[in-house]
Amino acid sequence: MMTFQTLDDLDDGQRVLVRLDLNSPVEDGTVRDNRRFDRHAETISELVDRGFEVAVLAHQGRPGRDDFVSLSQHADILAEHIDHDVDFVDETYGPQAIHDIAALDSGDVLVLENTRMCDDELPEEDPEVKAQTEFVQTLKDEFDAYINDAYSAAHRSHASLVGFPLVMDAYAGRVMETEYEANTAIAEKEFDGRVTMVVGGTKATDVIDVMTHLDETVDDFLLGGIAGELFLRAAGYPVGYDIDDANLYDEQWEQNSEKIEAMLEDHRDQITLAVDLAYEDGAGDRAEQAVDDIEEKTVSYLDVGSETVMEYSPVIRDSEAVFVKGALGMFEDERFSVGTAGVLEAIADTDCFSVVGGGDTSRAIEMYGMEEDEFGHVSIAGGAYIRALTGAQLVGVEVLQR
Ligand SMILES: Nc1ncnc2c1ncn2[C@@H]1O[C@H](COP(=O)(O)OP(=O)(O)O)[C@@H](O)[C@H]1O
Ligand SMILES: O=C(OP(=O)(O)O)[C@H](O)COP(=O)(O)O
C-alpha cells in the first residue's frame, strides 16, 4: 500500500526540514496544547535521538482570523512534549532564519515562523507552481532532506506541503506514516450495517464537499456546528448567518449554498438536522430553543440542544460504523459541550466501529472523561481523514509518492 520513503530510509545526522501540523485552538491569544503536539513529538524525538539538525515548518490559523498567530508559543509547547530545548525564529525563510538554520547543530530543533505569514504559502496551486516559489527555492538548499509529517494538512496544495518534495529528497514522518495507513485501511473497510457520519465543526466547506461524495457510503448524516446551522438555513430556518462581527457563516454560505440545497433536495432522508439549539442567555447560562420556535436569529447558537442529542443517540446505537468530523458545539466551554460530549458518549457506549477526527474535536474525549480506546481510531486529522474516506488521494501524500 505504502510507496513513500520513511524515516527508516534516511541516514542519521542529516540536516532536515520537517513539516508538522501544529494548528491548534487559540483562546484569547493563548495557544492550547492538544493531541497534535503529542503525536508529532514522537517524530521530533526520534530525529533528535538520531542526531539530525531539525528545522520545523508549520502553520497556524488562517489570515484574517483570530487564530492566525505566531508559532513562538508552539515552540515552547513542543519543547515540553519532547523534554528538550526548542528554538524559535520569527521568520520562515528570511536572512535571520537562514542564519539560525546554518547555526543548527546535531540534535538541535528550530521552529520557523508560521508558513501562512509568507505570501508564497497560500493559495492552493499546483505542486509544480509551488516548487518554484521563492519560499521553496530559498529553503531547499539549506537541507539534505524534507520530511512531511503533516497528514492532517495533506489535503492542502500549499507551498510547505507540496513544493519541497518536487525539488528535494522527501520522506514521510512517523505521524504521516501511521495516519496514512490507518485512514487508508478505514476507507477500504466495508460495513454490512448502518454507517453514520456526525458532521460539525467550523469548516463547513470541507465537510460539505466530502458529504457530496459520500452519499452512497454513509446512510445517515447527523448535523451540528456551523455546517448544521447552514443546512438549517437552507431548510428555511432563520439561522446560519453571521450576526455581530462573526465571520463563520456568510462566506461559507456563499461558497456552498447550492451544494447544500442540492444535498437536501436529493438526500433529505439521509440528513438529520438539529431540532433545537443552545445559546447563552442574559444571565450567562445555557438556554435552549426549538428550531421551529426561532423567528429571527438574535443570538449566537453555540451548541445543538438536548432534544437533538436524544434524537441522534439511537441512530448511533443502531450503527455499525460512526465517523465523526467536527464538534457539534463550542465544547471547550462546558455549557456548550452537551452535543459533542453526548454524541461521543453514545459512540463510546456501543460496539460500533468508530473514528473521531479533528485536532479540536478529539480533545473533547479527554475533557469529558472518555478514553481513547473506547473509539476505533482517534485521528489528529479532520478534513484530510474525511477526504481520505471518499477514496480520494491527498495531494501532500501524492507528491511524497512520486
Ligand atoms: N456553533 C458553534 N459556534 C462556534 N464554534 C463552534 C460551533 N460548533 C462547533 N464549534 C467549534 O468548532 C471547533 C471544531 O471545528 P473544526 O476545526 O471544523 O473541527 P476539527 O478541528 O475537529 O476538525 C471546535 O473547537 C468548536 O468550538
Ligand atoms: O486543522 C486542520 O484541519 P482540520 O481542522 O480539518 O483538522 C489542518 O491544520 C488544516 O488547516 P486548514 O483547514 O486551515 O487548511
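Q: Why is the second largest pocket said to lie between domain 1 (7-180) and domain 2 (189-370)?
A: Happily, the lining settles this: domain 1 and domain 2 both give residues to the lining of the second largest pocket, so the pocket lies between them. The domain bounds come from an automatic or database domain assignment. Please keep in mind that this is a predicted model, where local features need pLDDT of at least 70, side-chain atom pairs count only at pLDDT 80 or more, and totals for chains, interfaces and linings use all residues. Residues are numbered from 1 along each chain as its sequence is written, chains are lettered from A and ligands numbered from 1 in the order in which they are written, and side-chain values use heavy atoms, with hydrogens and water left out.

Q: What makes a residue part of the lining of a pocket?
A: On a 1 Å grid over the protein atoms alone, where a 1.4 Å probe is used, a pocket is an open set of points with protein on both sides within 12 Å along at least five of seven lines, and lining residues have an atom within 4 Å of a point. For the second largest pocket that gives 23 residues, with Arg62, Arg65, Arg156, Thr205 and Gln255 nearest its centre.

Q: How do the residues of this lining divide into nonpolar, polar and charged?
A: Five are nonpolar, seven polar and eleven charged. Here Asp, Glu, Lys and Arg count as charged, Ala, Val, Leu, Ile, Met, Phe, Trp, Tyr, Cys and Pro as nonpolar, and the others, Gly among them, as polar.

Q: How many residues of domain 1 and of domain 2 are in contact?
A: Eleven residues of domain 1 are in contact with eight of domain 2, contact being heavy atoms within 4.5 Å. The domain centres, taken over C-alpha atoms, are 32 Å apart.

Q: Which residues does UniProt list for "binding site"?
A: The unreviewed entry lists Glu332, Gly358, Gly359, Asp360 and Thr361. Although spread over 30 residues of sequence, they cluster in space, with a largest C-alpha distance of 14.0 Å. Such annotations may be inferred rather than shown by experiment.

Q: Why is Glu332 called partly exposed?
A: Buried means under 20% relative accessible area and exposed over 50%, with partly exposed in between (1.4 Å probe, protein chains only). Glu332 has 28% relative accessibility, so it counts as partly exposed. Leaving out residues up to four places away in sequence, Glu332 touches Glu27, Arg363, Met367 and Tyr368.

Q: What makes Asp360 partly exposed?
A: Its relative accessible area is 34%, so Asp360 is partly exposed. Beyond its neighbours within four places in sequence, Asp360 is in contact with Pro25 and Phe331.
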